[in-house]
Amino acid sequence: MNDYPLLNIFWTMLWFFLWILWFFLLFRIFGDLFRDDSVGGWGKAGWCIFLILIPFLGVFVYLIARGRGMGEREMRMRMQAEQDFRSYVQEAAAGSGPAPSSHVDELAKLAALQKSGAITDAEYQQAKAKVLA
């Protein structure tokens, strides 16, 4: 441990952190590039070659040229996902809700009619069988 001073450990950790940060940035750019439908296949291939052959310059040029659009595309994608989720929840709630509550409402009405004496027990049983069928 004496031949590797504290400042060297700091510099090693800094370079390691920057290396990991670089990979996160590359993954983010490649993800944005392949999710974007406005760029054709040749454009995507060109950007990939540029990013692989000259990575530092490629990343900086991509961020300058398309950086603003990255945030807009990300926001649009998240809003679409949220809208899809909300519509799915509304459809699921609407699809399962009315049928059971209508049976329950009908049975409650029949029970109220039987209790008030408007229908007999036999009529109540017959109507109940129709509702539950």
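Which residues does Arg73 touch, not counting residues up to four places away in sequence? In this predicted model, the answer is Asp32, Asp36, Tyr62 and Arg66. Arg73 itself is found in helix H3, which spans residues 55-96. With a relative accessibility of 17%, Arg73 falls below the 20% limit and therefore counts as buried.

Arg73 is also a good place to begin with the charged pairs of the model. Side chains of opposite charge can pair when their charged atoms come close. Across the whole structure, a search returns six salt bridges. One of them brings together the side chains of Asp36 and Arg66, with an N to O distance of 2.3 Å. Asp36 sits in the loop between H1 and H2, while Arg66 belongs to helix H3, so this pair ties together parts that are 30 residues apart in sequence. Both partners, Asp36 and Arg66, are buried.

Two further salt bridges are found within helix H3. In the pair formed by Glu74 and Arg78, the closest N and O atoms are 2.9 Å apart. These two residues of helix H3 are separated by four residues, about one turn of the helix. Their surroundings can be set side by side: Glu74 has a relative accessible area of 15% and is buried, whereas Arg78, at 53%, is exposed. The second pair joins Glu82 to Arg86, and here the closest N and O atoms lie 3.1 Å apart. Glu82 and Arg86 are likewise both in helix H3, four residues apart, or about one turn of the helix. Glu82 has a relative accessibility of 41%, which means that it counts as partly exposed, while Arg86 reaches 52% and counts as exposed. Elsewhere, salt bridges with shared partners join Asp32, Asp36, Arg66 and Arg73 into one network. Two members of that network, Asp36 and Arg66, have already been described as buried, and Arg73 is buried too.

Attention can now turn to the packing of the helices. H1 packs with helix H2 (residues 41-53) at an angle of about 170°, and their axes are 10 Å apart. Because this angle is over 145 degrees, H1 runs roughly antiparallel to H2. On the H1 side, the contact is made by Ile29, Phe30, Leu33 and Phe34. On the H2 side, the contributing residues are Lys44, Trp47, Cys48, Leu51 and Ile52.

A nonpolar patch on the surface is the next feature to consider. Leu7, Phe10, Trp11, Trp15, Phe17, Leu18 and Leu21 form this patch, and together they have about 790 Å² of accessible area. Leu7 is placed in helix H1, which covers residues 6-35. At 55% relative accessibility, Leu7 is over the 50% limit and so counts as exposed. Another member of the patch, Leu18, is also placed in helix H1. Leu18 has a relative accessible area of 36% and is partly exposed. Leu18 also offers a handy reference point for distances in the model: Leu18 and Ala129 are 111 residues apart in sequence, and their C-alpha atoms are 73 Å apart in space.

Note on methods:
Residues are numbered from 1 along each chain as its sequence is written. This is a predicted model: local features need pLDDT of at least 70, side-chain atom pairs count only at pLDDT 80 or more; totals for chains, interfaces and linings use all residues. Side-chain values use heavy atoms; hydrogens and water are left out. Patches are made of residues with over 30% relative accessible area and no salt bridge: like charges are joined within 9 Å, nonpolar side chains (Val, Leu, Ile, Met, Phe, Trp, Tyr) within 5 Å. Accessible areas come from the Shrake-Rupley method with a 1.4 Å probe; for residues, only the protein chains shown count as cover. A salt bridge is a side-chain nitrogen of Lys or Arg within 4 Å of a carboxyl oxygen of Asp or Glu. Buried means under 20% relative accessible area, exposed over 50%, partly exposed in between (1.4 Å probe, protein chains only). Axes are lines fitted to C-alpha atoms, for helices over the stretch in contact, and angles run from 0 to 180 degrees between N-to-C directions. Angles under 35 degrees count as roughly parallel, over 145 as roughly antiparallel, 65 to 115 as roughly perpendicular and the rest as oblique. Contact means heavy atoms within 4.5 Å.
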